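Below is a report on charged pairs, burial and surface features in one protein model. The sequence and structure come first.

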Amino acid sequence: MSAHESMEHAEHAEHASGSNKKIALLIAVLALFLAVSETLGKGAQTESISKNVEAANLWAFFQAKSIRRTVVATAAEQGKLTLAAADEAQKPAVQKQVDDWTKTAQRYRSEPETGEGTEQLAEKAKHAEHDRDEATAKYHHFELASAAFQIGIVLASATIITGMFALAYVSGFLTLAGLFMTALGLWWPHLLHLH
């Protein structure tokens, strides 16, 4: 091999080495973004599950309070019937019991001081469902972002092996797509409906 050929070969190897360093940097950046989107996705998934359990618990409590309210209201109605047939000596006691049951049924419907009336429980459950849906929407975006970053890493790695720089450009595009999906997950999770 002549000196001239050796110089050309060295220049080509140096050029390839510089390109490989850029591709390696792209892979490192993609891996960083992947780690961030995976972490955000896991957090959103955990939040979604937590809020789903919270909503289910609140609806179960709502149902229990509704059943209690129905039982007490039914007892009050039965007491009103008993009151009509009661003798004068029993009427004050029966009336007091009917009033207590009616008051209890009203308290079961709305209990702002404790937040445990059926009206407050339904509102809390709806809020937990909204939070669950928000976290689920975020999770879907972060999952798509992670997929884009993973495919980008594969294509960037293939660029080093094949020397096909078009794959690096596709990898760069996927990086932008992954960043876009991450941004949607963070700030606008309901902009696109992905579920």
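Salt bridges join Lys51, Glu54 and Asp131 into a network. The model is a predicted one. Within this network, the side chains of lysine 51 and aspartate 131 meet at 3.8 Å, N to O. Lysine 51 belongs to helix H1 and aspartate 131 to helix H3, so their salt bridge ties together parts that are 80 residues apart in sequence. Lysine 51 has a relative accessibility of 16% and therefore counts as buried, the limit being under 20%.

A search of the whole structure gives 8 salt bridges. Three of them are listed here, with the distance between N and O atoms.

| Salt bridge | N to O distance |
|---|---|
| Lysine 51 and aspartate 131 | 3.8 Å |
| Lysine 65 and glutamate 111 | 3.0 Å |
| Arginine 132 and aspartate 133 | 3.0 Å |

Glutamate 111 pairs with lysine 65 through a salt bridge. Glutamate 111 sits in the loop between helix H2 (91-109) and H3, while lysine 65 is in helix H1, so this pair ties together parts that are 46 residues apart in sequence. Are the two partners buried or exposed? Glutamate 111 is buried, with a relative accessible area of 7%, and lysine 65 is also buried, at 4% relative accessibility. In the salt bridge of aspartate 133 with arginine 132, aspartate 133 is partly exposed, its relative accessible area being 34%.

Glutamate 111 is also one of the residues touched by glutamine 120. The others, leaving aside residues up to four places away in sequence, are Arg109, Ser110, Pro112 and Gly115. Glutamine 120 is located in helix H3, which covers residues 118-162. Its relative accessibility of 17% makes glutamine 120 buried.

Helix H1 (residues 3-85) also contains glutamate 77. This glutamate 77 counts as partly exposed because its relative accessibility is 47%. Between glutamate 77 and threonine 102 there are 8.8 Å in space, C-alpha to C-alpha, and the two are 25 residues apart in sequence.

What makes up the nonpolar surface patch? Phe180, Leu186, Trp187, Trp188, Leu191 and Leu192 form this patch, with an area of about 670 Å². Leucine 192 is in the segment after helix H4 (165-187). With 35% relative accessibility, leucine 192 counts as partly exposed.

Terms used
Residues are numbered from 1 along each chain as its sequence is written. This is a predicted model: local features need pLDDT of at least 70, side-chain atom pairs count only at pLDDT 80 or more; totals for chains, interfaces and linings use all residues. Side-chain values use heavy atoms; hydrogens and water are left out. Helices (H or I, at least four residues) and strands (E, at least two) are DSSP runs, numbered from the N terminus. Buried means under 20% relative accessible area, exposed over 50%, partly exposed in between (1.4 Å probe, protein chains only). Contact means heavy atoms within 4.5 Å. Patches are made of residues with over 30% relative accessible area and no salt bridge: like charges are joined within 9 Å, nonpolar side chains (Val, Leu, Ile, Met, Phe, Trp, Tyr) within 5 Å. Accessible areas come from the Shrake-Rupley method with a 1.4 Å probe; for residues, only the protein chains shown count as cover. A salt bridge is a side-chain nitrogen of Lys or Arg within 4 Å of a carboxyl oxygen of Asp or Glu.
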